[in-house]
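Here is a short tour for anyone opening this structure for the first time. Keep the 3D view at hand and follow along.

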Amino acid sequence: MTVNISFLGGAATVTGSKYLVHYHGRRLLVDCGLFQGYKQLRLRNWQPLPVAPAEIDALVLTHAHLDHSGYLPLLARDGYHGPVHSTTGTRDLCAILLPDSGHLQEEDAAFLNRHHLSEHTPALPLYTQLDAQRCLKQFRAHAFHQPFEPISGWRVRFMPAGHILGAASVLLEVGGRRILFSGDLGRPDDLIMNAPEAPPQADTVLVESTYGDREHPPTDILQELGPALQRLAERGGVAVVPVFAVGRAQTVLHAIHMLKARKAIPASLPVFLDSPMAVSTTGLFEKHLGEHRLNMRQSQALSREATMVQTTDESKALARRHGPMVILSASGMATGGRVLHHLALYAGDHRNMIIITGHQAPGTRGARIADGEKRIRIFGQEVDIRAEVVTLSCASAHSDANQTLAWLRSMEHAPQQVYVVHGEPRAADALRERIAHELRWRVAVPEHASTCPA
Ligand SMILES: [Zn+2]
């Protein structure tokens, strides 16, 4: 009886992570992510899984980002009633992120219906806020390093992966095999998150490859962000910063805090955090001291660094203010959320600035802006991009190719098999090549929907 893995997402693409491990008639799903980016990818969210949700015995999440957790409300609504195992941090973040994701799905559907923009009448949300709230009851939170059995005889352990609060690598022991899921690996030199822990010994490794074909530049975020914000302050412009509510929002806030303390930018530069989710997440840094580099004082400073914008009225009132100011708002790839209103309002003025802060999935508005497109569509309208576009190349929450290789190399023995996942085809293949040539390990990039021995 062999242990097999089906790659139901996160294979040859960054989003949609879903790895189904089967052994002896039992099934464990590791991650339950949404596909994001190109329409053709997003359509996969609407196709039924090759396995009935009710036939999955248990679920383990590496972390809370929606491309790892955002399919869960749908899986639960469609019949998955089992436990959802995660770290405490991931559970706390999912309680914020998943209901908001449901709310956004409902808003998008309502918008399409209002403007008769859908081929389907009526357009339906993928899932609702209520679906998301319901599935939160299924969470079982665990501490890092504490082994547990999601299925009798299957042992799982979470190890810190850096990246964002609660993010874990997962070691699964089943049927005599040790299978390691890297999850999203943080970078060892992250401004606020701890370095990923060295990997334990394993027979099979699934390693992420978001930056599999790239190295982060040797500069740091302060060197990139400082001069940009100084320029902005001098010309009285508005910087719109699409941020992921979890992770980048806090990194940018902490960076601004440090820049002001060093007098690299004016201490009076107003900063707004216009994302209720990011506001809630920022508060979690105080609850999870020890999982990140910030002490209590620095964690509290995050919340004081910006004016927290909660209601839509407060958000709309920002439009009546003049620059200079910095508006951090979700979503991080400008696929939805309040940031779209700010982009529509400010992108057309050359005094303003759009600051791109992390990986942008191909096909998203964020990727288009980062690629220098001069016109994008927002709410059915063409918007000219005349604002200066600044890409923070070092604000990524992912390890680069060298750092990922170093992480793998710190394993005591070579694993028998490595699968490169969670990367665009070019990035995944570049990392595969380096693992094959520099480490001389057996390595493959699995195809979407394929099944391989673990
Ligand atoms: Zn992630």
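Helices, such as the one named H12 below, are DSSP runs of at least four residues, numbered from the N terminus. One thing to bear in mind throughout: this is a predicted model.

**The second largest pocket**

Let's start with an open space. The second largest pocket has a volume of about 530 Å³. Its lining is made up of 27 residues, and those nearest the centre are Tyr211, Arg214, His359, Gln360 and Asp371. Which helices supply at least two residues each to this lining? They are H12, covering 365–370, and H14, covering 425–439. H12 gives the largest share, which comes to three residues. As for chemistry, the lining of this pocket splits into nine nonpolar, ten polar and eight charged residues.

**The largest cavity**

Now for a closed space. A search of the whole structure turns up one cavity of 30 Å³ or more. The largest cavity holds about 70 Å³ of space, and 13 residues line it, with Tyr19, Asp31, His68, Gly183 and Val421 closest to the centre. That lining breaks down into four nonpolar, six polar and three charged residues.

**The zinc site**

Which residues hold the zinc ion? Coordination comes from His63 through NE2, His65 through ND1, His163 through NE2 and Asp184 through OD, at 2.2 to 2.3 Å. Along the chain, these donors follow the spacing H-x1-H-x97-H-x20-D. Histidine 65 sits in the loop between strand S4 (58–60) and helix H2 (66–69), while aspartate 184 sits in the loop between strand S10 (177–181) and strand S11 (204–208), so this pair ties together parts that are 119 residues apart in sequence.

Why is the arrangement called irregular? The angles between the four donor atoms run from 91 to 166°, whereas four donors count as tetrahedral only if all angles lie between 85 and 135 degrees. For reference, the ideal angle for four tetrahedral donors is 109.5 degrees.

Are the two loop donors buried or exposed? Histidine 65 has 15% relative accessibility, so it counts as buried, the cut-off being under 20%. Aspartate 184 is buried as well, because its relative accessible area is 2%.

**Strands side by side**

Strands of a sheet pair through backbone hydrogen bonds, either parallel or antiparallel. Here are some of the pairs in this model, each with one residue pair standing opposite.

| Strands | Sense | Bridges | Facing residues |
|---|---|---|---|
| S2 (18–23) and S3 (26–30) | antiparallel | five bridges | valine 21 and leucine 28 |
| S3 and S4 | parallel | three bridges | leucine 28 and alanine 58 |
| S11 and S20 (417–421) | parallel | five bridges | valine 207 and valine 420 |
| S13 (271–274) and S15 (325–329) | parallel | four bridges | phenylalanine 272 and isoleucine 327 |
| S13 and S14 (307–308) | parallel | two bridges | phenylalanine 272 and threonine 307 |

A few of these deserve another look. S2 and S3 form a hairpin with two residues between them, and histidine 24 in that turn has a positive phi of about 55°. Leucine 28 has a partner in S2, valine 21, and one in S4, alanine 58.

S13 has its own pattern: Val271 and Leu273 point one way from the strand, Phe272 and Asp274 point the other way, and all of them are buried. Phenylalanine 272 faces isoleucine 327 in S15 and also bridges to threonine 307 in S14.

The pair of S11 and S20 belongs to an open sheet of seven strands. Its order is S7-S8-S9-S10-S11-S20-S21, with mixed pairing. The edges are S7 (148–151) and S21 (443–444), each of which pairs on one side only.

**A loop lysine to finish**

Where does lysine 137 sit? Look in the loop between helix H5 (129–135) and strand S6 (139–142). At 66% relative accessibility, lysine 137 counts as exposed, since the threshold for that is over 50%. Its C-alpha atom is 9.7 Å from that of alanine 95, although the two residues are 42 apart along the chain.

Notes: Residues numbered from 1 in each chain as written. Predicted model: local features only at pLDDT ≥ 70, side-chain atom pairs only at ≥ 80, totals over all residues. Heavy atoms only, no water. 1 Å grid on protein atoms, 1.4 Å probe; cavity = no way out; pocket = protein on both sides within 12 Å on 5 of 7 lines; lining within 4 Å. Points joined across faces, edges and corners; volume = space filled by probe spheres on them. Nonpolar A, V, L, I, M, F, W, Y, C, P; charged D, E, K, R; others polar. Donors = N, O, S within 2.8 Å, 3.2 Å for Na, K, Ca; no water. Tetrahedral: all angles 85-135°; square planar, octahedral: opposite > 155°, others 65-115°. Buried < 20%, exposed > 50% of the residue type's maximum accessible area, 1.4 Å probe, protein only. Pairing = 2+ DSSP bridges.
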